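Reader: I should like to learn how to read a structural model. May we begin with the empty spaces inside a protein and then turn to a helix and to single residues?

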Amino acid sequence: MPNTRCPQPRAHAFRALIAITLTTTAAAVAAQGVEREETQSRFQTTWISQRHGTFGEQRPGRLDASKYSSDNPPYSLTAPRDKTYTFSFTGYFGVRPWEGGELYLNAEVTQGVPFTGGLIGLGGFYNGEITRAAGTHPEAYRQRLFVRQTWNHGGGEQAVDADLNWMAGQVDKNRTVLTVGNFSTLDVFDRNKYASDPRRQFMNWGGMTHAAFDYAADARGFGWGAAAEWYQGDWALRAGRMTGPVTPNAQSMDLKLLKHYGDQIEIEHDHQISGQPGAVRLLVWRNKALLAGFADATTRGKQLNWQPGFNGMEYILDVRSGNRIKWGAGVDFEQALAGEWGVFGRAMWADGKTETYAFAEADRSAAFGLSGGGSGWQRPKDRMGLAVMANYLSHDRQNYLASGGISFFIGDGWLRYRPETAIEAYYSIAVAADAALTVDLQQVRNPAYNADRGPVTIYGVRLHAEF
């Protein structure tokens, strides 16, 4: 099965970067004490190294050889003790070209390799950086290039803290925001305070966003499009349309936004409970693209008597149509507790009739966790978190995999279905003002939804710095 999720090398990253850099100041402006930044020059670098222990399938008698035939070998991660790493270095450059306007350019260098066998074997992957890994040689590319325009409508001022792709300043509580260009859907939608960034928080995909949120994006997680946000009091409404890949999980983008696209609408309400801030979000999304239905792929397999076809056992590649609809809906919440601690939760349902477009192999997903800091033991800049995540497959996808079909990231030639569950815990140690060393532990049960596999424990170390 081809490793279609890994992007192909590209080498055109810094031509536009030079032009923006020349307009910025010679040094980045520190966020502390600055009311308004007119330019931004920031950088981040992240190194993640992970290993997994012995898989449960090595236990004698665990697998039924008559089910997992040699003609269709298991695709779950099978190396007994394996390792993976990713490295990224990103430049974030911004300027205010006119009143209310912000222009940002991100250029990134990436390097890394997945576990043996490529990006296969899990519904929710272990590292949110892994889809950008380009191999053992560093590769450069333009990550984002977008404009954000804000129209203020009163209601009192709110401070905007300096962060990556956010210049320090003030905005009105009531405002309209338009983002246009090359960015990620997750830059605007499902922005959870406690679980959204694998470089700072949970590494597992279920900690980035809903695992069942099959948001339109290229293989690295970005696209072209526009998103509008309207803030009024304690409410926010967001709507956006983004490009998806020409074929599922590919790097090449389909720019025909009137024909193929990913739409999303999100409603958010902010609140306070016992004086502590929180938020609840409802997200609905809809994709229209060149996709295959699992029922059609299963019919194709039956026609071939479950023997290899044009694309082996990946029958989904044989039955795609250009105007198939895939959609889903989910809820998300975050709630601050006493001190630095807070809890979060997510749950999403997708229709489950259609193959994965651009994200995880999941049709239903849920996650719950908590996160906090180390002020209680005189480590105020340390961070830690604990989360439980669960992913589920639809009946149509189960039938396809159980009959012998193969998908992009999962498929063992047979399936004794169980939900894929993961527990992740991390502790981030502040080793300098803007650098942290994180130890991470994930235990995944029923990898690739197969009760005959796992559990597997994944040990990780992350070094992250911003400057």
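Reader: What volume has the largest cavity?

Author: Rolling a probe the size of a water molecule over the atoms shows where empty space is left. In this predicted model, the largest cavity has a volume of about 50 Å³. A search of the whole structure finds four cavities of 30 Å³ or more.

Reader: Which strands each supply at least two residues of the lining of the largest cavity?

Author: Strand E15 (342-350), strand E16 (364-374) and strand E17 (379-392) do so. Among the lining residues are Thr209, His210, Arg346, Ser365, Met389 and Asn391. By character, the lining divides into six nonpolar residues, five polar and one charged.

Reader: How should one read a helix, and which residues of helix H3 are buried?

Author: An α-helix has 3.6 residues a turn, so residues three or four places apart point the same way. In helix H3 (residues 294-303), the buried residues are Phe294, Ala297, Thr298, Arg300 and Gly301. Seen down the axis of H3, these buried residues fall within an arc of 155°, so they line one face of the helix.

Reader: What covers the buried residues of H3, and which exposed residues does the face turned away carry?

Author: The cover includes strand E13 (276-292) and helix H4 (395-403). The face turned away from the buried side carries Lys302 and Gln303, both exposed. Just after H3, Asn305 takes a positive phi of about 55°.

Reader: Let us consider a single residue. Where is Asp190 placed, and why does Asp190 count as buried or exposed?

Author: Asp190 is in the loop between strand E7 (175-183) and helix H2 (205-208). Asp190 counts as buried because its relative accessibility is 2%, and buried means under 20%.

Reader: Which residues are in contact with Asp190, leaving aside its neighbours within four places in sequence?

Author: They are Met208, Thr209, His210, Glu266, Asp332 and Arg346. The side chains of Asp190 and Thr209 are joined by a polar contact of 2.6 Å. Asp332 is 142 residues from Asp190 along the chain, yet their C-alpha atoms are separated by 7.3 Å.

Reader: Where is Glu129 found, and what does Glu129 touch?

Author: Glu129 is found in the loop between strand E3 (101-113) and strand E4 (135-152). Its relative accessibility is 4%, so Glu129 counts as buried. Not counting residues up to four places away in sequence, Glu129 touches Thr46, Ile48, Thr86, Ser88 and Arg199. With Arg199, the side chain of Glu129 makes a polar contact of 3.0 Å.

Definitions and conventions. Residues are numbered from 1 along each chain as its sequence is written. This is a predicted model: local features need pLDDT of at least 70, side-chain atom pairs count only at pLDDT 80 or more; totals for chains, interfaces and linings use all residues. Side-chain values use heavy atoms; hydrogens and water are left out. On a 1 Å grid over the protein atoms alone, a cavity is a set of points where a 1.4 Å probe fits but cannot get out, and a pocket is an open set with protein on both sides within 12 Å along at least five of seven lines; lining residues have an atom within 4 Å of a point. Grid points are joined across faces, edges and corners, and a volume is the space filled by probe spheres set on the points. Helices (H or I, at least four residues) and strands (E, at least two) are DSSP runs, numbered from the N terminus. Ala, Val, Leu, Ile, Met, Phe, Trp, Tyr, Cys and Pro count as nonpolar, Asp, Glu, Lys and Arg as charged, and the others, Gly among them, as polar. Buried means under 20% relative accessible area, exposed over 50%, partly exposed in between (1.4 Å probe, protein chains only). The arc is that of the directions from the helix axis to the C-beta atoms. Contact means heavy atoms within 4.5 Å. A polar contact is a pair of N or O atoms within 3.5 Å; within protein, one must be able to donate a hydrogen and the other to accept it, and residues adjacent in sequence count only if both atoms are side-chain atoms.
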